[in-house]
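Visitor: I'd like to poke at the labels people put on a model like this. Could you take me through the reasoning behind a few of them?

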Amino acid sequence: MLLDCTDRILVLDGAMGTVLQARFPGASNFETLNRTDPDAVQAVHEAYIAAGADIIETNSFSANRISQEEYGLQDKARSMALEAARIARRAADGAGREVLVAGSVGPTGQSLSLAPDVDDPAYRKYDFDDLVEVYSEQIGALAEGGVDLILVETCFDALNVKAAIYALDKLGLDLPLAVS
């Protein structure tokens, strides 16, 4: 159930990556912490809840196969997203008040709108259907882990956003969607 926001503004948490960067200097793939140090991730959620957040975002911004390919961890992306949702759900459920969990779905770093090679403007490493498949896997895992809504965020490419929205629709999940 979603919080009633007719009488007040709901407060969203802050930047997960920024907090984790301060705790783990030099690290860059914070989604791995969902599997290797879930307590560190949960502590960030709990700090935001203690500060008054009504909505916390999962640590799953780059928990998709395309983004994780850079690290050779594409086969772990689904479990990263699933664990991110489970960790956030535990923090929200332990809050002593209603706190929503937003499943964070970030950009893949691959544009469908812009060619990566000016000499071959038709080339794309991935096509729309590839992105729908990747986002379906991520969103499905987030839903399985217990998120209350999906947040497609920080997207620079409208076709990536469209693929994520289509993936949510294709999955038939009854989850609210927010896009930033």
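What follows is a short chat about salt bridges and a surface patch.

Guide: Sure, and keep in mind that this is a predicted model.

Visitor: Why is the contact between arginine 65 and glutamate 137 called a salt bridge?

Guide: The cut-off is a side-chain nitrogen of Lys or Arg within 4 Å of a carboxyl oxygen of Asp or Glu. Here the N to O distance is 2.9 Å, so the pair qualifies. Arginine 65 sits in helix α4 and glutamate 137 in helix α6, so the bridge ties together parts that are 72 residues apart in sequence.

Visitor: What makes arginine 78 and glutamate 144 a salt bridge?

Guide: Their closest N and O atoms are 2.5 Å apart, and the limit is 4 Å, so they count. Arginine 78 is in helix α5 and glutamate 144 in helix α6, so this pair ties together parts 66 residues apart in sequence.

Visitor: Why is glutamate 144 called partly exposed?

Guide: Buried means under 20% relative accessible area and exposed means over 50%. Glutamate 144 has 47%, so it lands in between.

Visitor: How do you know that glutamate 83 and arginine 86 are separated by about one helical turn?

Guide: Because they are 3 residues apart in helix α5. They also form a salt bridge, with the closest N and O atoms 2.9 Å apart.

Visitor: And what makes isoleucine 165 eligible for a nonpolar patch on the surface?

Guide: Patch residues need over 30% relative accessible area and no salt bridge. Isoleucine 165, in helix α7, has 36%, so it clears the area cut-off. Its patch partners are Leu177 and Val179, and together the three have about 220 Å² of accessible area.

Methods: Residues numbered from 1 in each chain as written. Predicted model: local features only at pLDDT ≥ 70, side-chain atom pairs only at ≥ 80, totals over all residues. Heavy atoms only, no water. Patch = residues over 30% accessible without salt bridge, like charges linked within 9 Å, V, L, I, M, F, W, Y side chains within 5 Å. Areas by Shrake-Rupley, 256 points an atom, 1.4 Å probe, with all protein chains shown as cover. Helix = DSSP H or I, 4+ residues; strand = E, 2+ residues; numbered from the N terminus. Buried < 20%, exposed > 50% of the residue type's maximum accessible area, 1.4 Å probe, protein only.
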